[in-house]
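Thanks, everyone; I would like to use this slot to walk through one model, moving from a single helix to its surroundings and then to a few individual residues. Please have the sequence and the structure open while I talk.

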Amino acid sequence: MAGPLEPGDPRSLGGFVIVARLGEGGQGVVYEGRGPSGERVAVKVLKGGGDPDNRRRLVRELQAAHRVAPFCTARVLGADIDGPVPYVVSEFVAGPSLQERVRGGGPLRDGDLERLAVGTASALAAIHGAGVVHRDFKPANVLLGPDGPRVVDFGIARPLDAGTVTSALSGTPPYMAPEQLRGEHGSPAADVFAWAATMVFAATGRPPFGSDTVAAVFHRILNQEPDLSAVPPGLRETLAVCLSKDPGRRPTSRALLMRLVDPGAATVTVPGVGPVPTAYLPPDWTAPAPAPPPVRRARRPAVPVAAVAVAAVVAAGVLYATGWFGGLGTTARPQPTTTPALADPATTPASGTTAEPDASTSAAAEPGASTTGPGASATEASPSGPAGGVPTAFGGTWTGQVTTNDARQDTSDVTLTLPPGQDTGTWRKGDCEQQVTLTRVRTGPALELTVLQQGTCVGGDMTLTLATPDTLDLRAQEGAGALEFRGNLRRP
């Protein structure tokens with residue numbers, strides 16, 4: 001609920017008039033504003049804006065979120081990252097968070113619960129399809145707009161009490177997966193676990209493993225089965241498998257969506273895609289011959305597999321656009337967007353965890369698909385990469401080691417290949433081989449690249465700085481921003 005402005009709150013930012021406070025979380029304050037034409041907007045102002053670590057986190061959040069389809073989040077209208085008061089302006093979502101709705105009106109039932117499950121699963125599939133791992137899916141980060149649920153706050157986390165855990169984590173305790181508690185960084189499977197825990201909250205008014213002390217919640221997540229006794233029978237089996245202790249037993253977000261939309265459909269397991277209804281398969285598709293388990297390296301999918309993936313996403317999009325699982329049956333109208341290439345303070349922040357959910361708001365200033373409009377300081381880049389491709393000074397094959405920034409300090413051998421003049425290259429880290437795409441050439445000189453998610457190999461963003469003609473400084477993050485690593489690479 002909106003409240004009055006406090007002394008020291010801004011009254012205008014970049015042409016947007018600030019009229020009320022909507023909420024405050026660990027990373028910033030969210031205000032209600034008015035645009036030049038009087039339209040309602042949400043403005044998130046970064047706390048500690050002078051800290052380059054905080055600015056870099058906001059840049060990463062924008063870079064990750066602009067890749068996500070606008071129907072499932074709050075579209076960005078403007079941003080100023082380099083000014084004295086960093087802020088992001090997004091569309092106003094006129095509705096409460098799921099946390100507010102359940103606490104004020106009780107658990108959801110029947111069609112309301114089913115529409116929420118399908119709508120949020122669709123959003124999660126779109127997020128993962130864009131190569132982003134959310135890492136903090138929870139009721140406070142699901143906004144119930146009139147045209148369907150929106151998932152917001154990509155990668156937002158703050159430190160958990162240092163006396164509670166011994167390593168850096170990201171997430172909110174009642175919604176964290178067992179592997180996250182064991183020190184493994186976030187993955188799409190962990191997002192599916194958090195989605196299921198959020199649906200349990202929506203159906204029952206409480207998380208599946210309780211919400212008392214952090215230690216007690218962690219113990220139940222690791223050692224006990226979830227409490228699904230009050231979940232409607234039609235959803236119970238799906239939530240149970242999504243809450244499996246073993247991430248390998250959980251469905252992918254795409255398979256989860258198909259299970260919810262058409263639970264009785266005959267399916268075929270397609271390599272790299274998962275269970276797919278046979279109705280979505282091309283007429284000439286045939287199952288591949290059995291083969292030995294592949295090494296976890298990225299490979300360009302065969303045409304039939306790509307066609308299946310496209311068909312599945314298109315089917316979900318049609319269902320959403322026709323209001324099948326919209327909030328009030330209204331049609332979502334995504335607007336054309338541009339691809340921003342944002343300034344980077346070139347500083348790596350520490351990762352952390354929220355011990356309690358951040359203050360929820362009725363509208364969140366959440367990164368979406370563009371940074372256009374009054375006050376936007378970001379420059380635009382072509383989706384195919386900057387003109388000219390990789391500069392000659394960065395071209396070639398680079399090798400070295402990178403180390404994570406968490407308490408484990410894990411070290412991995414890496415190889416980066418960047419063909420001069422091209423937009424794409426290859427990134428190999430451990431058993432994962434993935435495509436990298438150039439997104440921006442900065443002065444310094446420095447490059448910004450995006451790593452494509454492939455299967456269990458998590459995508460992310462990286463920055464390369466040319467320290468000497470034969471040495472690169474690398475700083476990168478996986479998923480939406482919790483796990484980070486850095487290192488030095490050299491030409492062999």
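Let me begin with a question about helix α6: which residues on the other side of α6, away from its buried ones, are exposed? They are Ala215 and Asn223, and I should say at once that we are reading this from a predicted model. The buried residues of α6, which spans residues 214–223, are Val214, Val217, Phe218 and Ile221. When one looks down the axis of α6, these buried residues fall within an arc of 100 degrees, so they line one face of the helix. As for what lies over that face, the cover of the buried residues of α6 includes α4, residues 178–181, and α5, residues 188–204.

Before following α5 further, a word on the chain as a whole. The chain contains nine helices and 20 strands, and 53% of its 492 residues count as buried. If we take the contacts in the chain with a separation of 6 or more, 62% of them are accounted for by residues 24 or more positions apart.

Now back to α5, which, besides helping to cover α6, packs with helix α3, residues 110–129, at an angle of about 165 degrees, the two axes being 11 Å apart. An angle over 145 degrees counts as roughly antiparallel, and α3 and α5 are therefore roughly antiparallel to each other. The crossing of α3 and α5 is right-handed. On the α3 side, the residues that meet α5 are Leu113, Leu116, Ala117, Thr120, Ala121, Leu124 and His128, and in α5 their counterparts are Pro188, Asp191, Val192, Trp195, Met199, Ala202 and Ala203. By character, the residues of this contact between α3 and α5 divide into eleven nonpolar, two polar and one charged.

Two of the α3 residues just named lead us on to Leu235, which lies in helix α7, residues 233–242. Leaving aside residues up to four places away in sequence, Leu235 touches Leu113 and Leu260, while the C-alpha atoms of Leu235 and Ala117 are separated by 9.0 Å, although these two residues are 118 residues apart along the chain. Is Leu235 buried or exposed? With a relative accessibility of 10%, Leu235 counts as buried, since the cut-off for that class is under 20%.

I would also like to draw your attention to the backbone at two places. Asp110, which lies in helix α3, has a positive phi of about 50 degrees although it is not a glycine, and Asp110 is exposed, with a relative accessible area of 61%. Arg135, in the loop between α3 and β7, residues 142–145, likewise has a positive phi, near 80 degrees, and is a residue other than glycine. Arg135, however, is buried, with a relative accessible area of 6%.

Finally, let me turn to Asn405, which lies in the loop between β13, residues 396–404, and β14, residues 411–418. How many residues apart along the chain are Asn405 and Phe485? They are 80 residues apart, yet their C-alpha atoms are separated by 5.5 Å. Asn405 itself is partly exposed, with a relative accessible area of 27%.

Technical notes
Residues numbered from 1 in each chain as written. Predicted model: local features only at pLDDT ≥ 70, side-chain atom pairs only at ≥ 80, totals over all residues. Heavy atoms only, no water. Buried < 20%, exposed > 50% of the residue type's maximum accessible area, 1.4 Å probe, protein only. Helix = DSSP H or I, 4+ residues; strand = E, 2+ residues; numbered from the N terminus. Arc of directions from axis to C-beta. Contact = heavy atoms within 4.5 Å. Axes fitted to C-alpha atoms, helices over the stretch in contact; angles between N-to-C directions. Parallel < 35°, antiparallel > 145°, perpendicular 65-115°, else oblique. Left-handed = near helix turned anticlockwise from the far one by under 90°. Nonpolar A, V, L, I, M, F, W, Y, C, P; charged D, E, K, R; others polar.
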